[in-house]
Amino acid sequence: MLAFVFDRIVAIFAFYKFNNMQKKKHSNIPIFVPELACPHRCVFCDQKKISGSLTIPDPDKISEMIETYVNTMQDGRKIEIAFFGGNFTGIPFELQKEYLSLAYKFVQNKTVAGIRISTRPDYIDNERLDLLKNFGVTTIELGAQSTNESVLLKSGRGHTVKDTENASKLILENEFELGLQMMLGLPGDSFESSYKTAIDIIKLGATSTRIYPTLVIKGTMLEQFYNAGKFIPLTVEETVQWAKEIVKLFEQHEVRILRIGLHPSKEFEDGKSLIAGPYHQSLTELVMTEIWNDILLSHLQLIEKSSATIRINPSQLNFGIGYKAKNKINFSGKGITINFIADYSLPKYKIDVSYN
Ligand code: SF4
C-alpha cells in the first residue's frame with residue numbers, strides 16, 4: 001500500500017513537472033465559432049454542443065479574451081490563437097477579416113507565435129488561402145473525418161475524399177502546416193476503414209491530427225438513426241482498442257496527436273445532450289493505458305512472481321501505471337510487482353527494466 005501511495009506521489013510530481021515543461025512548449029488560445037456560416041448538417045453534428053460553446057463570439061470581445069489568456073501564459077511558452085469549430089473559411093470574407101485582424105495584432109506585436117484555424121476540406125481554395133496567409137495563419141486543420149467515400153456519404157459530410165486530397169495539397173503548396181482530424185465509429189465505419197484513414201492522413205502530409213469518437217447527440221440525424229436501430233455507436237472499449245492501433249501508427253510516423261476525444265462539456269456531463277456513444281472524460285488516459293499495457297507485456301510477460309523496477313519517461317509515467325492504476329494492478333494480479341521511476345533521459349516509449 002505504501003509503495004502504491006509513493007508511486008502515485010512520484011507520478012503526480014513527475015506529471016506536473018512534465019506538464020509545466022510541455023506548457024512552456026505550446027498552448028492554444030481557443031476561440032470557438034460554432035456553426036458559423038456552416039450550411040451543412042453532418043448527421044452527427046450539433047456544433048454548439050460539441051464545442052461546449054453556445055454563442056458566436058463577438059469580435060469586440062475577442063481582443064479582451066486573448067489578453068486574458070495571454071496574461072495567464074507568461075512563462076515563455078509558444079502561444080497560438082486557434083479558431084476552432086464550425087467552418088472558419090465558410091464565414092463571409094469580411095467577418096473572417098475582422099476576426100483575423102483582431103488576432104493578427106497579437107502576432108505582429110509578438111505576443112503570440114501564430115494563428116491556426118479549422119475548417120472543411122471543400123472550403124479551401126487559393127483566394128481563401130491568400131486571406132489566411134495575409135493575416136498570419138500558420139496552421140490549417142481540416143475535418144477530414146474519414147477517407148472512406150461511403151462513410152462520408154452516410155455521415156452526410158457533403159464532401160468527397162478528393163476534396164480532402166485537393167485541399168491538403170493546396171495547403172501544403174502554400175506552405176501552411178497541415179492538420180487532419182478524424183472520427184472513429186461513423187456510420188458505415190469499421191476498424192479497417194478508420195485505420196486506412198489514419199494511413200491516408202499520414203500520406204497526405206499532415207503533421208498533426210485529432211481523433212474524435214462519434215457520439216449520438218440530441219437533435220441530430222444520428223439520434224434518429226440510433227432510435228430507428230440504424231446506427232450503433234462504438235462502446236468506450238471498442239473506441240479505445242481502435243484508437244490504440246491508430247495512435248501507434250501516428251506515433252511511428254511522427255504525426256502529432258493534438259487530442260483524443262472531445263473537450264469535456266457541461267452539456268455532456270449533465271446528460272442533457274448526449275444520447276449514446278463513447279464519451280469519456282479521460283479517453284486519452286484510457287488509450288495510453290492500453291498502449292503501455294502492451295509495452296509492459298512485451299517486456300514482462302515471461303517473468304512471474306517477481307518485482308520489477310521500471311524507469312520511464314515522466315511524460316509516460318501516469319500512462320505506464322495506467323488509468324486508475326490499471327496496469328499496475330493487472331500485473332500485480334499476475335504476480336509481478338512493478339515500481340515505476342521517472343527518468344528524463346529515456347525516450348518517450350523506451351523503458352529500462354531491472355528485476356529485484
Ligand atoms: S461541417 Fe462541421 S460544423 Fe458543419 S455540420 Fe459538419 S461537423 Fe458541423
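When I speak of helices and strands this morning, I mean DSSP runs, H or I over at least four residues for a helix and E over at least two for a strand, numbered from the N terminus. By that rule, the protein has 14 helices and 12 strands. What we are looking at is a predicted model, in which local features need pLDDT of at least 70 and side-chain atom pairs count only at pLDDT 80 or more, while totals for chains, interfaces and linings use all residues. Residues are numbered from 1 along each chain as its sequence is written.

Let me start with the whole chain. Of its 356 residues, 40% count as buried, where buried means that 20 or more other C-beta atoms lie within 10 Å of a residue's own, exposed means 12 or fewer, and partly exposed means in between, with C-beta atoms placed from the backbone. I will call two residues in contact if their C-beta atoms, placed from the backbone, lie within 7 Å. Among the contacts with a separation of 6 or more, 79% are between residues 24 or more positions apart.

Now to the sheets, where two strands are said to pair if DSSP finds at least two bridges between them. One open sheet has seven strands in the order β1-β2-β3-β4-β5-β6-β8, with parallel pairing. Its edges are β1 (26-32) and β8, and because each has a single partner strand, one side of each is left without a neighbour in the sheet. Direction ignored, neighbouring strands here are turned by 25° against each other on average, the axes being lines fitted to C-alpha atoms, for helices over the stretch in contact, and the angles running from 0 to 180 degrees between N-to-C directions.

Within this sheet, β3 (residues 114-119) and β4 (residues 137-145) are paired in the parallel sense over five bridges, and T119 has L142 in β4 as its bridge partner. Helix α8 (residues 191-203) packs on the sheet, touching β4, β5 (177-184) and β6, and its direction makes about 180° with that of β5.

Is T139, in strand β4, buried or exposed? T139 is buried, because it has 20 other C-beta atoms within 10 Å. Leaving aside neighbours within four places in sequence, its contacts are G114, R116, F176, E177 and G179.

A residue to set beside it is V107, in helix α4 (residues 93-108). V107 counts as partly exposed because 19 other C-beta atoms lie within 10 Å. Not counting residues up to four places away in sequence, V107 touches V112, G114, I115 and G136.

The second sheet to mention is open and has three strands, in the order β11-β10-β12, with mixed pairing. Here β11 (336-342) and β12 (351-355) stand at the edges, each with a single partner strand, so one side of each has no neighbour in the sheet. Strands β10 (residues 306-312) and β12 run antiparallel and are joined by five bridges, and A308 has Y355 in β12 as its bridge partner.

Next comes the interior, and by a nonpolar core I mean a set of buried Ala, Val, Leu, Ile, Met, Phe, Trp, Tyr and Cys residues joined through C-beta atoms within 7 Å. The largest has 69 residues, of which I81, F83, A103, A243 and V287 touch the most other members. Helix α12 (residues 283-300) gives the most to this core, with seven residues. Domain 1 (26-281) and domain 2 (290-355), whose bounds come from an automatic or database domain assignment, both give residues to this core, so it lies between them. Apart from it lies another core, of 10 residues, among them C42, I217, L222 and F268.

Which elements do the buried residues of α12 pack against? They pack against β6 (208-213), α10 (236-252), β8 (256-260), α13 (317-321) and α14 (326-333). One residue of α12, V287, is buried, and it touches V240, A243, K244, V247 and I260, not counting residues up to four places away in sequence.

Helix α10 gives the view from the other side, with T239, V240, W242, A243, I246, V247 and F250 as its buried residues. What covers them includes β5, α8, β6, β8 and α12. The expected span of a helix is 1.5 Å times one less than its number of residues, so the 17 residues of α10 should span 24 Å, which agrees with the 24 Å between its end C-alpha atoms. Just after α10, E254 takes a positive phi of about 55°.
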